[in-house]
Amino acid sequence: MGAEYHYSRDGQSFGPVSVEQLRQLAATGQVTANDLVWKEGMAEWLPAGRFKGLIPSSAAATAPAQVRPISAAPAMVVPSEDSAHEFRMSEPAPAPVVAHPAIAAAEQAHKSEPIDDATQAEVFARQAKQVAVAAGTDALKAFKVMAKNPVGGLRVAYENLGPTRAMQVGIVFAIIFDLSMAFAGQTLMSSFNSVHGNFGSWIVAAIKLMVIGLIPFGAAVGGFAAVRASLKGEGSIFSDMFVAGASLVPATIFFLASRILTVANAEVVFVIFVFAVTTTILILYSGFTTLQRIPEAVATLVVPLVIVVGMYACKIMLGILM
């Protein structure tokens, strides 16, 4: 079976479609040279004009110039000569590609302005703000998809975003988890101070908890990368970071609920805790089996191992910081 492609127009993603369907869409003008195309295994979305032979020459000649990217251009894409007429990667080419929409918009708005040393920091700050807002918006969309179906929606959310934006969403999820852990840890910090008296002031203790909160995300990313490399699984560091961040969403809900409900509603907090643990396990399992294509038997063993390693690492760091 041939590869399935996705294409994006005006910020909306469509697909999957076969190679033949993609060629037909390009021939009828429904996919233009500047529309983005992606399939599983590609590091990022690429303009359709970069797929040699996909866009008719007459349409490609009238297409507007692409936006200059921040990073180096990825490899040129050309069709292979096999019977399926799939596309493959060839040697790197200097042709430009479209950057992240937020970065591209920032560059387009300021490319005509002379930038000196005094304004360079301001331009960078504006670009960073737009990227952060775009990543936050993507995270909200992904959360809505996964809220309806935490397991099956994982792959759907990843494919809708594409690798680069999905990685940014994973980072956003990890940051929110970190902040929620520090927020919910006020009671825990008071207990440590009353018993040990050395966890520090509220600000110092919050920073310590945020350091600890980074460990589950790092453990999950490392676990995914290690399993993918050892078993030659699919995906990339982009999908690793997305699934790792998504797996922390249930824990985020638990921390916020426990801080709001307090011990007066211990039964409800316990139910939310069970929900969070179960859903985290299912999300990790789905990431291994659907994005990395790891056998189910292996995923069943690896998921508990990743969780145990993350918890043990948190325990070690807690002992260091106390």
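This is a short talk about the charged pairs, aromatic rings and one long-range helix in the structure above.

Hi everyone, thanks for coming. A word before I start: this is a predicted model, so please hear everything today as computed from it.

Let's begin with salt bridges. The count for this model comes to five, and I'll walk you through three, beginning with Arg-9 and Asp-35. Their side chains meet at 2.9 Å, N to O. Where do the two partners of this pair sit in the chain? Arg-9 is in strand 1, residues 5–9, while Asp-35 is in the loop between helix 1 and strand 3, so to speak 26 residues along, and the pair links distant parts of the chain. That loop runs from helix 1, which is 19–27, to strand 3, which is 36–39.

Is Asp-35 buried or exposed? It is buried, because its relative accessibility is 8% and the cut-off for buried is under 20%. Arg-9, on the other hand, counts as partly exposed at 29%. If you click around Asp-35 and skip its neighbours within four places in sequence, you'll find it in contact with Ser-8, Arg-9, Gln-30, Leu-46, Pro-47 and Ala-48.

Next, Asp-138 and Arg-165. Here the closest N and O atoms are 2.9 Å apart. This pair too links distant parts of the chain, with Asp-138 in helix 4 (residues 117–148) and Arg-165 in helix 6, 27 residues apart. Asp-138 has a relative accessibility of 4%, so it counts as buried.

The third one is Arg-293 with Glu-234, at 3.7 Å, N to O. Both partners are in loops: Arg-293 between helix 11 and helix 12 (296–321), Glu-234 between helix 8 (202–231) and helix 9 (237–246). They are 59 residues apart in sequence. Arg-293 is partly exposed at 47%, and Glu-234 is partly exposed as well, at 35%. For those of you who look at backbone torsions, Arg-293 comes just after helix 11 and takes a positive phi of about 60°.

That brings us to helix 11 itself, residues 266–291. Does its length come out longer than, shorter than or in agreement with what 1.5 Å a residue predicts? Its 26 residues should span 38 Å, and the end C-alpha atoms are 36 Å apart, which agrees. Several of its residues are buried, among them Ile-272, Ala-276, Thr-279, Thr-280 and Ile-283. An α-helix has 3.6 residues a turn, so residues three or four places apart point the same way. Keep that in mind when you scroll along the list.

Phe-273 is also in this helix, but it is partly exposed, with a relative accessible area of 38%. It is 15 residues from Ser-258 in sequence and 8.8 Å from it in space, C-alpha to C-alpha.

Last topic, the aromatics. How many aromatic pairs does the structure hold? There are eight. One of them is Phe-177 with Phe-255, a tilted pair at 5.8 Å centre to centre and 55° between the planes. Phe-177 belongs to helix 6 (residues 163–184) and Phe-255 to helix 10 (residues 249–261), 78 residues apart. Phe-177 counts as buried, at 4% relative accessibility.

There is also an aromatic cluster, formed by Trp-38, Trp-45, Tyr-158 and Phe-242. And for the cation–ring fans, Arg-259 lies over the face of Phe-183, 5.3 Å from the ring centre.

That's my tour. Thanks for listening!

Technical notes:
Residues are numbered from 1 along each chain as its sequence is written. This is a predicted model: local features need pLDDT of at least 70, side-chain atom pairs count only at pLDDT 80 or more; totals for chains, interfaces and linings use all residues. Side-chain values use heavy atoms; hydrogens and water are left out. Helices (H or I, at least four residues) and strands (E, at least two) are DSSP runs, numbered from the N terminus. Buried means under 20% relative accessible area, exposed over 50%, partly exposed in between (1.4 Å probe, protein chains only). Contact means heavy atoms within 4.5 Å. Rings of Phe, Tyr and Trp (its six-membered ring) pair if their centres lie within 6.5 Å; planes under 30 degrees apart count as stacked, over 60 as edge-to-face and the rest as tilted. A charge sits over a ring if NZ of Lys or CZ of Arg is within 6 Å of the ring centre and within 35 degrees of the ring normal. The expected span of a helix is 1.5 Å times one less than its number of residues. A salt bridge is a side-chain nitrogen of Lys or Arg within 4 Å of a carboxyl oxygen of Asp or Glu.
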